[in-house]
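Here is a short tour of one protein model, meant to be read with the structure open beside it. Take a moment to load it, and we will go through it piece by piece.

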Amino acid sequence: MKILLVEDDRLLGDGIRAGLQQAGFAVDWAQDGRAAELALADEAYDAVVLDLGLPRLSGMEVLARARAARNAVPVLILTARDTVPDRIAGLDAGADDYLVKPFDLGELQARLRALLRRGKNPAEPVLERGALRLDPAARSVSWAGRPVELSAREYAVLHALLLNAGRVLSKAQLEEKLYGWGEEIESNAVEVFVHHLRRKLAPELIRTVRGVGYMISREPA
Ligand code: CA
């Protein structure tokens with residue numbers, strides 16, 4: 001799950017980014033409205049956490065332009081001003097939820113999870129491949145009916161491969177789903193996650209296509 005965080009306060013942005021990463025989200029952090037607008041035009045995010053008071057382009061304007069461009073990404077606005085008109089304006093402009101600063105990081109994580117559940121994928125289908133079952137709404141995975149515990153990044157790799165079953169995903173494509181801007185990527189991270197998935201699920205589930213990447217077959221092995 002990839003989140004665009006838009007916040008110009010460096011200290012606050014740093015804290016929010018760390019909190020979201022800890023909760024298993026990949027985070028791109030834009031520090032002004034124009035950067036946010038470019039990022040939204042460039043990438044499909046699962047959700048946006050949007051501060052309203054921003055340099056170069058206000059959060060409200062970023063939101064209005066995204067909606068005008070038919071971008072339906074779920075947006076949670078952050079506002080320091082706990083005034084009714086602000087909240088009404090934000091919701092009218094197409095925000096899905098809001099939080100008033102200062103807020104608790106746990107609450108932000110919970111509201112984002114709720115947004116992602118009810119947001120753009122209300123009927124996101126359960127993905128099945130043989131004994132494997134992945135339920136995106138519950139973020140749960142089972143093998144032959146037994147629940148399997150996966151880390152957030154293992155889950156992200158498996159989800160991406162299943163959504164693209166029958167197609168090879170390169171290491172770079174997988175890394176893009178796992179990491180935000182400027183985050184240090186360990187060179188063998190994807191290999192390690194694939195190794196864990198094979199161990200926890202089944203060795204033959206994920207195929208290595210030498211020199212290209214990884215894939216899960218469309219049909220059960
Ligand atoms: Ca601000």
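## A strand, a helix and a strand

Which handedness does the β-α-β unit made by β3, helix α3 and β4 have? It is right-handed, with α3 covering residues 59-68. Please keep in mind throughout that this is a predicted model.

Strand β3, residues 47-51, is a good place to start, since 5 of its 5 residues are buried. Ala47, Val49 and Asp51 point one way from the strand, while Val48 and Leu50 point the other way. Strand β1 (residues 2-6) runs parallel to β3 and is joined to it by 4 bridges, with Val6 standing opposite Leu50. Strand β4 (residues 75-79) is also parallel to β3, again joined through 4 bridges, and here Val48 stands opposite Val75.

## The calcium site

Asp51, which belongs to β3, also takes part in metal binding. The calcium ion is coordinated by OD atoms of Asp8 and Asp51 and by the O atom of Gly53, at 2.1 to 2.3 Å. If you like to write such sites as a pattern, the donor residues follow the spacing D-x42-D-x1-G in sequence.

Is Asp51 buried or exposed? Asp51 counts as buried because its relative accessibility is 5%, and buried means under 20%. Gly53 has a relative accessible area of 43%, so this donor is partly exposed.

## Loops with unusual backbone angles

Two arginines deserve a look if you are checking backbone torsions. Arg56, in the loop between β3 and α3, has a positive phi of about 75° although it is not a glycine. Arg70 sits in the loop between α3 and β4, and its phi is also positive, at about 65°, although this residue is not a glycine either. Arg56 has a relative accessible area of 60%, so it counts as exposed. Arg70 is exposed as well, with a value of 76%.

A further backbone feature is found at Pro102, in the loop between β5 (97-100) and α5 (105-118). The peptide bond leading from Lys101 to Pro102 is cis, and its omega is near -5°.

## Nonpolar cores

Which residues touch the most other members of the largest nonpolar core? They are Val141 and Leu158, in a core of 28 residues. The elements that give two or more residues to this core are β7 (132-135), α6 (152-163), α7 (171-178) and α8 (189-200). The largest share, 7 residues, comes from α6.

Leaving aside residues up to four places away in sequence, Leu158 touches Leu132, Leu134, Val141, Leu150, Leu197, Leu201, Leu205 and Ile216. Apart from this core lies another one, of 19 residues, and among them are Val6, Ala36, Val73 and Ile77. Val6 is thus a name you have met already, as the residue opposite Leu50 in β3.

## Two domains

Finally, let us step back to the whole chain. The protein chain is divided into domain 1, residues 2-117, and domain 2, residues 127-215. Their centres, taken over C-alpha atoms, are separated by 27 Å. The contact between them takes 15 residues from domain 1 and 10 residues from domain 2.

Methods:
Residues are numbered from 1 along each chain as its sequence is written. This is a predicted model: local features need pLDDT of at least 70, side-chain atom pairs count only at pLDDT 80 or more; totals for chains, interfaces and linings use all residues. Side-chain values use heavy atoms; hydrogens and water are left out. Buried means under 20% relative accessible area, exposed over 50%, partly exposed in between (1.4 Å probe, protein chains only). Two strands pair if DSSP finds at least two bridges between them. A crossover is right-handed if, with the strands pointing away from the viewer, the path from the first strand over the helix to the second runs clockwise. A nonpolar core is a set of buried Ala, Val, Leu, Ile, Met, Phe, Trp, Tyr and Cys residues joined through side-chain atoms within 4.5 Å. Contact means heavy atoms within 4.5 Å. Donors are N, O and S atoms within 2.8 Å of the metal (3.2 Å for Na, K and Ca); water is not among the atoms, so sites may look incomplete. Domain bounds come from an automatic or database domain assignment.
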